[in-house]
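Here is a quick walk through a model you may want to have open in your viewer. Grab a coffee and take a look.

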There are 2 protein chains.
Amino acid sequence: MMGKFLHGPGVPARLLKQMAFLLEMDKLKTVLRRTPLLDNSRPETDAEHCWELAVMAIVLAEYAEPPIDLGHVLKLVAVHDIVEIDAGDTFLYDDSRVLDQLERERDAAARLFALLPDDQACAFRALWDEFIASETPEARFAKALDRLQPLLHNYFSGGGTWKTPGVNSAIVHQRKRVIGLASPTLWRYGEHLLARAVEDGLLAPPPD
Amino acid sequence: MMGKFLHGPGVPARLLKQMAFLLEMDKLKTVLRRTPLLDNSRPETDAEHCWELAVMAIVLAEYAEPPIDLGHVLKLVAVHDIVEIDAGDTFLYDDSRVLDQLERERDAAARLFALLPDDQACAFRALWDEFIASETPEARFAKALDRLQPLLHNYFSGGGTWKTPGVNSAIVHQRKRVIGLASPTLWRYGEHLLARAVEDGLLAPPPD
């Protein structure tokens, strides 16, 4: 298999393993999320979403409480969805798929990161585990951006996934409030958009 | 215009400017590059390309000579193609468009970064200027990845943009050799792939 990535003079075997991993990464461009582009022309891809989180991290880092190491957040957001190459995107409001999400994603992590040399496989797994555990300030901030981004897209594209049957503002509020653990300011803005979304008829109010 | 991004209690005016910029960023997902996905199903988008460079930076940082500040490289690659929202992707082998590329991109930078608060407009412009000037080790490495990524895609998708009339291995070699300024190891691999591409009939040999 590694021959495919072309041994050659002065080319370390380690680099060929890294290339095998990097070429596999291309598949994240074919994993579609539920979130629409703002012009509603199509859903975004996972790879596009990951890039958007990087730009959000750079622009919004100042709102992190406590302050974060931006370089580390950029690593977390670059890596956080790689498992979806195998596990697919799990829609936040699809309770049946959320149930076995972690198991599917752990299998994916096991296969995908093992393409890398051992030390880097460990490093990537550690980044992904850190993101999932959401205990460090950097992981909490990365998770906050990951929850804020579709909220922005839904509001500014005119509803997006909020139109899914069964979704209402109480459910959305509950899934999004982790934003406040990383940044009270960003969560105030998020809550403000959610309130406006209900007023504007983009999001169903809580059921009686 | 800013009202569109929704003033509200406890929402800083600064944050609304940042949101205006971030929402504009979504357009980078609609800018198509010439580079095909590895499965040849479609061209990649600029946003996807930027994410791929981030993962490449994390995996390949060890080959940078001199060593680089990875966090800074991740900022450079996240920002390096934002100007293409207005200026479009300029194909490396389209000499007529390469001529006025910098002028088109400077106009784009002036409009797009001005959406941000002044301090961040300056910071983003400084990152883009650094990438273009390619004088720091981080910018040289980011540029090397930007040149290596389509080389990988062309080889492993079976030719890609190398099939464009007028493109041959001498021209490709000349445009790609900047990779060696940031990493002799990565350039050895790149040269090896180019030689194999000619042998495999994926890339025309130099003209007589």
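What follows is a short tour of this predicted model, from the symmetry down to some backbone oddities.

## How the two chains relate

Let's start with the big picture. Two copies of a chain are related by a rotation about an axis and a shift along it. Here, a turn of 180° with a shift of 0.0 Å along the axis lays chain A on chain B, and the RMSD comes out at 0.0 Å. That makes the relation a two-fold axis. If you want to find the axis from chain A, look for A:Gly71: its C-alpha is the nearest one, 2.0 Å away.

The interface fits that picture. Of the interface residues of chain A, 100% are also interface residues in chain B, so the copies meet through the same surface.

## A covered helix and a buried glutamate

Now to helix α3 of chain B, which spans residues 70–79. How many of its ten residues are buried? The count is nine, so call this helix mostly covered. The buried set is B:Leu70, B:Gly71, B:His72, B:Val73, B:Leu74, B:Leu76, B:Val77, B:Ala78 and B:Val79. What do they pack against? On the chain A side, the partners are α2 (46–60) and α3 (70–79). Within chain B, they are α2 (46–60), α6 (101–113), α7 (118–133) and α8 (137–156). At the start of α3(B), B:Asp69 puts a side-chain oxygen within 3.1 Å of the backbone nitrogen of B:Gly71.

Helix α2 of chain B holds B:Glu48. Is B:Glu48 buried or exposed? Its relative accessibility is 0%, so it counts as buried. Leaving out residues up to four places away in sequence, B:Glu48 touches A:Lys29, A:Thr45, A:Ala47 and A:Glu48 from chain A, plus B:Leu37 and B:Arg42 from chain B.

## The hairpin in chain A

Strands β1 (residues 32–36) and β2 (residues 43–45) of chain A pair in the antiparallel sense, over two bridges. A:Pro36 has A:Pro43 in β2(A) as its bridge partner. The two strands make a hairpin with six residues between them.

A:Asn40 sits in the loop between β1 and β2 of chain A. Its phi is near 60°, a positive value for a residue that isn't glycine. With a relative accessible area of 45%, A:Asn40 is partly exposed.

## Rings, and charges over them

A pair of aromatic rings is described by the distance of the centres and the angle of the planes. Over all chains, the model has eight aromatic pairs. One of them joins A:Phe91 and A:Tyr93: the ring centres are 5.5 Å apart and the planes stand at 85°, so the pair is edge-to-face. Both A:Phe91 and A:Tyr93 are buried.

B:Tyr155 and B:Phe156 form another edge-to-face aromatic pair, with 5.0 Å centre to centre and 80° between the planes. B:Tyr155 counts as buried at 9% relative accessibility. B:Phe156 comes in at 19%, and since buried means under 20%, it still makes the cut. There is also a cluster in chain A, where ring pairs link A:Phe21, A:Phe113 and A:Phe124.

A:Phe91 has a further partner: the charged end of A:Arg34 sits over its ring, 4.2 Å from the centre. In chain B, B:Arg34 lies over the face of B:Phe91, at 4.2 Å from the ring centre.

## Backbone oddities

Most residues other than glycine have a negative phi, and most peptide bonds are trans. So which bonds are worth a look here? The peptide bond from A:Glu65 to A:Pro66 is cis, with omega near -5°. A:Pro66 belongs to the loop between α2 and α3 of chain A. Chain B has a cis bond from B:Glu65 to B:Pro66, with omega near -5°, and B:Pro66 lies in the loop between α2 and α3 of that chain.

One more for the phi list is B:Ser134, which has a positive value of about 55° although it is not a glycine. You'll find B:Ser134 in the loop between α7 and α8 of chain B.

Terms used
Residues are numbered from 1 along each chain as its sequence is written. Chains are lettered from A and ligands numbered from 1 in the order in which they are written. This is a predicted model: local features need pLDDT of at least 70, side-chain atom pairs count only at pLDDT 80 or more; totals for chains, interfaces and linings use all residues. Side-chain values use heavy atoms; hydrogens and water are left out. Copies are superposed by least squares on the C-alpha atoms of residues with pLDDT of at least 70 in both. Contact means heavy atoms within 4.5 Å. Two strands pair if DSSP finds at least two bridges between them. Helices (H or I, at least four residues) and strands (E, at least two) are DSSP runs, numbered from the N terminus. Rings of Phe, Tyr and Trp (its six-membered ring) pair if their centres lie within 6.5 Å; planes under 30 degrees apart count as stacked, over 60 as edge-to-face and the rest as tilted. Buried means under 20% relative accessible area, exposed over 50%, partly exposed in between (1.4 Å probe, protein chains only). A charge sits over a ring if NZ of Lys or CZ of Arg is within 6 Å of the ring centre and within 35 degrees of the ring normal. A polar contact is a pair of N or O atoms within 3.5 Å; within protein, one must be able to donate a hydrogen and the other to accept it, and residues adjacent in sequence count only if both atoms are side-chain atoms.
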